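Reader: I would like to learn how to read a model of this kind feature by feature. Could we begin with the overall make-up and then turn to the details?

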Number of protein chains: 2
Amino acid sequence: MIRSKNTKERILNAGLKEFSFHGYAGTRMDKISIRAKINKAMLFYYFSSKENLYHEVLTHAVRSIIPKIRNIILLEQSPEGFLEKLPEVYIGFFTKNQDFVKMVAFDFVQKTDIVKAAFEQAIGKEFHQGPRLVLKKIEKWYEKGEISESDPLQFMINIVSLCLFAFIARPILEAIFNQKIGDEQFIQKRIKSVINLLKQGMLK
Amino acid sequence: MIRSKNTKERILNAGLKEFSFHGYAGTRMDKISIRAKINKAMLFYYFSSKENLYHEVLTHAVRSIIPKIRNIILLEQSPEGFLEKLPEVYIGFFTKNQDFVKMVAFDFVQKTDIVKAAFEQAIGKEFHQGPRLVLKKIEKWYEKGEISESDPLQFMINIVSLCLFAFIARPILEAIFNQKIGDEQFIQKRIKSVINLLKQGMLK
DNA sequence: TTTTATATTAACCATATGGTTAAACCAACC
DNA sequence: GGTTGGTTTAACCATATGGTTAATATAAAA
């Protein structure tokens with residue numbers, strides 16, 4: 001036992017990298033094993049199947065982001081604070097976890113069941129309650145006349161779009177506009193731009 | 001000849017559907033042939049390889065969107081008009097071409113070379129010139145004091161993010177917020193919300 | 001009607017790929 | 001030292017998959 005107790009973790013890391021580069025269908029089990037520097041059979045020894053490994057990799061990654069976001073999303077009581085802190089935390093996380101973002105992005109497009117399941121499992125009951133509470137909170141802000149967007153869903157989509165899209169579409173944006181995206185300078189500009197737009201555009 | 005002169009088109013349509021559902025790696029050639037109701041060998045007879053078929057499907061689709069966007073993006077001279085018309089055209093197109101959006105979205109994440117090549121081929125020289133001109137135009141708007149965002153790249157990313165993200169992330173957004181996205185009502189709300197946010201948030 | 005060139009198909013092929021197995025390995029416990 | 005039980009590996013397997021081929025069907029030209 002314990003011959004190399006980090007084997008499982010090595011597989012998880014290698015899996016994240018491979019899945020994020022090639023998506024579920026495009027990922028090869030032996031490539032993962034090569035990256036993890038172990039025999040391919042170990043993948044099945046520890047994770048029994050490709051689908052299960054994928055699920056575990058995803059759950060593993062999701063668990064690391066939830067707490068950070070939850071605090072802001074649930075605790076922040078003013079729309080100003082909400083619109084100032086969320087972009088910073090979101091973008092900061094996405095910048096430092098581009099593999100994770102890529103992997104989830106693949107699932108945005110389809111395979112929703114697996115991401116959904118991973119989120120549900122990682123978050124627990126709050127998975128359903130959380131979003132509902134947030135939407136309610138936003139609704140109240142509008143009723144009190146603190147924000148100009150009447151539809152809380154649109155309000156949230158606006159925020160998430162601005163924070164996430166650039167990092168998902170990074171390669172194509174770089175190709176079209178012929179500029180580097182993702183370096184420190186860009187990140188700082190992006191955060192500022194998003195916060196400005198959101199505050200000026202949605203606060204009353 | 002001409003036994004069924006729409007065979008090629010049938011393949012392209014079936015290809016678009018399959019690629020948009022499963023991505024490049026996840027798409028099976030025989031599934032395409034089944035959907036197109038022809039023998040699998042026809043795919044190779046007309047398109048010689050999976051990669052080439054993918055490329056043709058993409059180019060085919062890209063060609064249909066370019067002219068619409070180009071007009072607004074190049075001809076519109078006022079930031080108000082720009083921010084009012086772009087979201088309507090973008091979102092309108094994305095709504096009516098969700099398969100295309102899905103397919104390109106897969107490539108956003110990686111495989112950029114192929115999308116880029118398809119765009120380049122479909123657009124021609126303007127591929128490089130177009131974006132540069134737009135950025136310059138935006139820069140001038142800022143210099144004249146007509147908009148508040150100083151960085152033209154951020155300006156464009158803000159617009160595209162707000163227009164596109166919801167349609168790419170649709171499945172996961174529906175799962176998290178437990179609401180339908182994509183019906184006529186949502187689309188109209190989305191267009192309004194985006195235009196409002198952009199005008200209020202970026203115009204001076 | 002025969003010829004010709006394209007369109008279409010069923011059967012086939014080589015290889016890639018997810019997954020299995022049986023044996024070897026190795027650390028700890030007796 | 002020998003036994004035990006989790007760990008690791010090389011070799012193997014069944015099937016899926018992109019791609020080919022050779023034969024056939026068919027519309028139009030001769």
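Author: We can begin with the inventory of elements: chain A has 11 helices and 0 strands, and from the N terminus on its elements run α-α-α-α-α-α-α-α-α-α-α. Please keep in mind throughout that this is a predicted model.

Reader: Which box do the C-alpha atoms of chain A fill, and what percentage of its residues is buried?

Author: Taken along the principal axes, the box filled by the C-alpha atoms of chain A is roughly 60 × 45 × 30 Å, and buried residues account for 38% of the 204 residues in that chain. Sequence separation adds another view, since among the contacts in chain A between residues at least 6 apart in sequence, 65% join residues at least 24 apart.

Reader: How should I read the span of a helix, taking α1(A) as the case?

Author: The idea is to set the distance between the end C-alpha atoms beside the span of a straight helix at 1.5 Å a residue; α1(A), with 20 residues, would reach 28 Å in that way, but its ends are only 23 Å apart. The axis of α1(A) also has a kink of about 80°, and this kink is centred on Ser20(A).

Reader: Which residues of α1(A) are buried, and what covers them?

Author: Among the buried residues of α1(A) are Leu12(A), Gly15(A), Leu16(A), Phe19(A) and Ser20(A), the last being the centre of the kink. The cover over the buried residues includes α2, α3, α4 and α6 of chain A, together with α1 of chain B. When reading such a list, it helps to recall that an α-helix has 3.6 residues a turn, so residues three or four places apart point the same way.

Reader: Where is Thr27(A) found, and is it buried or exposed?

Author: Thr27(A) is found in the loop between α1 and α2 of chain A, and because a residue counts as buried from 20 other C-beta atoms within 10 Å, Thr27(A), with 22 of them, is buried. Leaving aside neighbours within four places in sequence, Thr27(A) is in contact with Glu18(A), Phe19(A), His22(A) and Ile32(A).

Reader: What is notable about the phi of Lys37(A), and is that residue buried or exposed?

Author: Lys37(A) has a positive phi of about 55° although it is not a glycine; it is placed in the loop between α2 and α3 of chain A and counts as exposed, with 10 C-beta neighbours inside 10 Å. In chain B, Asn178(B), which is not a glycine either, has a positive phi of about 55°, lies in the loop between α10 and α11 of chain B, and with 12 C-beta neighbours inside 10 Å is exposed.

Reader: How do α1(B) and α4(B) pack, and which residues make the contact?

Author: A helix pair is read from the angle and the distance between the axes: α1 and α4 of chain B pack at about 105°, with their axes 10 Å apart, and are therefore roughly perpendicular to each other. The contact includes Leu12(B) and Phe19(B) from α1(B), and Val57(B) and His60(B) from α4(B); by class, its residues divide into 8 nonpolar, 2 polar and 1 charged.

Reader: How many residues are in contact between chain A and chain B?

Author: On chain A there are 45 residues in contact with 45 residues of chain B. The largest share of the chain A side, 10 residues, comes from α9(A), and by class that side has 25 nonpolar, 13 polar and 7 charged residues.

How values were computed. Residues numbered from 1 in each chain as written. Chains lettered and ligands numbered in written order. Predicted model: local features only at pLDDT ≥ 70, side-chain atom pairs only at ≥ 80, totals over all residues. Contact = placed C-beta atoms within 7 Å. Helix = DSSP H or I, 4+ residues; strand = E, 2+ residues; numbered from the N terminus. Nonpolar A, V, L, I, M, F, W, Y, C, P; charged D, E, K, R; others polar. Axes fitted to C-alpha atoms, helices over the stretch in contact; angles between N-to-C directions. Parallel < 35°, antiparallel > 145°, perpendicular 65-115°, else oblique. Expected span 1.5 Å × (residues − 1). Bend = angle between axes of the 7 residues up to and from the residue.
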